Amino acid sequence: ADVIRFLKFYTDLSVSEIDHLSHTQDINTLKKRLADETTALAHGRSVLSEIHQSIAQLFEGSDFKVEVKGTDSFGNPILQSVLPIVQISHAALKTGIPVFSLLVQAGLAESNGEARRLIRGKGCRMNDVLVEDENLVILTKDLKDPGIIKLSAGKKRHGLVQAVCS
């Protein structure tokens, strides 16, 4: 009910058009329409295409693009992605980092305990593979090209961990 109300308050759509939409479309489609219409009012319709691409990469598929934009002074690739990127020491990965600790470092969990509960609840993925062992140690062999690990907490929160030399 709030989606319909918000469509009436926060968009330029006519009441009759909103009423028609509410009878012909499912709630998720209406939520997307609300997001599009409010974004268009705030930022213009020209930004919608880029936003839709980012959303598709993040939430509607496991495929995401990572672009290498050169290298830094240590020879580490400079990465650009729609996913947030957190850097960790390559040396730390050689000795190993517990996956629960890496979830905290990546900002996907507030504490080690929360990260452990996430894993026990089958809510954590590493490189799109379910993590079932909360004591799993992440090593350099887990890196994917170009030196990253994709971590997911639930279905909608993702991040990249980049191993860097300093």
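Contact here means heavy atoms within 4.5 Å. I will use that for one helix pair in a moment. This is a predicted model, so please take everything that follows as computed from it.

Let me start with that helix pair. On the helix 1 side, the residues in contact are V3, I4, F6, L7 and Y10. They meet I27, L30, K31, R33, L34, T38 and L41 of helix 3. Sorted by class, the contact between these two helices has nine nonpolar residues, one polar and two charged.

Now the geometry. Helix 1 covers residues 2-10 and helix 3 covers residues 27-43. Their axes lie 10 Å apart, and the packing angle is about 20 degrees. Angles under 35 degrees count as roughly parallel, and helix 1 and helix 3 are therefore roughly parallel to each other. The crossing of the two is left-handed.

Next, the strands. Strand 1, residues 66-71, and strand 2, residues 77-81, run antiparallel and are joined by four bridges. Within that pairing, T71 is opposite P77 of strand 2. The two strands form a hairpin with five residues between them. In this hairpin, G75 has a positive phi near 90 degrees.

Then there is the open sheet. Five strands make it up, in the order 3-9-8-5-6, and the pairing is mixed. At the edges are strand 3, at 85-89, and strand 6, at 129-130, each of which pairs on one side only. Inside that order, strand 8 and strand 5 are neighbours. Strand 5 is residues 124-126, strand 8 is residues 148-153, and they pair in the antiparallel sense over three bridges. If you want one residue pair to look at there, R125 has S152 in strand 8 as its bridge partner.

Last, the chain as a whole. The count is seven helices and nine strands. What radius of gyration does the protein chain have, and what would a compact globule of 166 residues have? The chain has 20 Å, whereas the compact globule would be near 15 Å. Along the principal axes, the C-alpha atoms fill a box of roughly 65 × 40 × 20 Å.

To recap, there is a roughly parallel pair in helix 1 and helix 3, an antiparallel hairpin of strand 1 and strand 2, and an open sheet of five strands with mixed pairing. That is the end of my part.

Definitions and conventions: Residues numbered from 1 in each chain as written. Predicted model: local features only at pLDDT ≥ 70, side-chain atom pairs only at ≥ 80, totals over all residues. Heavy atoms only, no water. Pairing = 2+ DSSP bridges. Axes fitted to C-alpha atoms, helices over the stretch in contact; angles between N-to-C directions. Parallel < 35°, antiparallel > 145°, perpendicular 65-115°, else oblique. Left-handed = near helix turned anticlockwise from the far one by under 90°. Nonpolar A, V, L, I, M, F, W, Y, C, P; charged D, E, K, R; others polar. Rg over C-alpha atoms; globule rule 2.2 N^0.38 Å.
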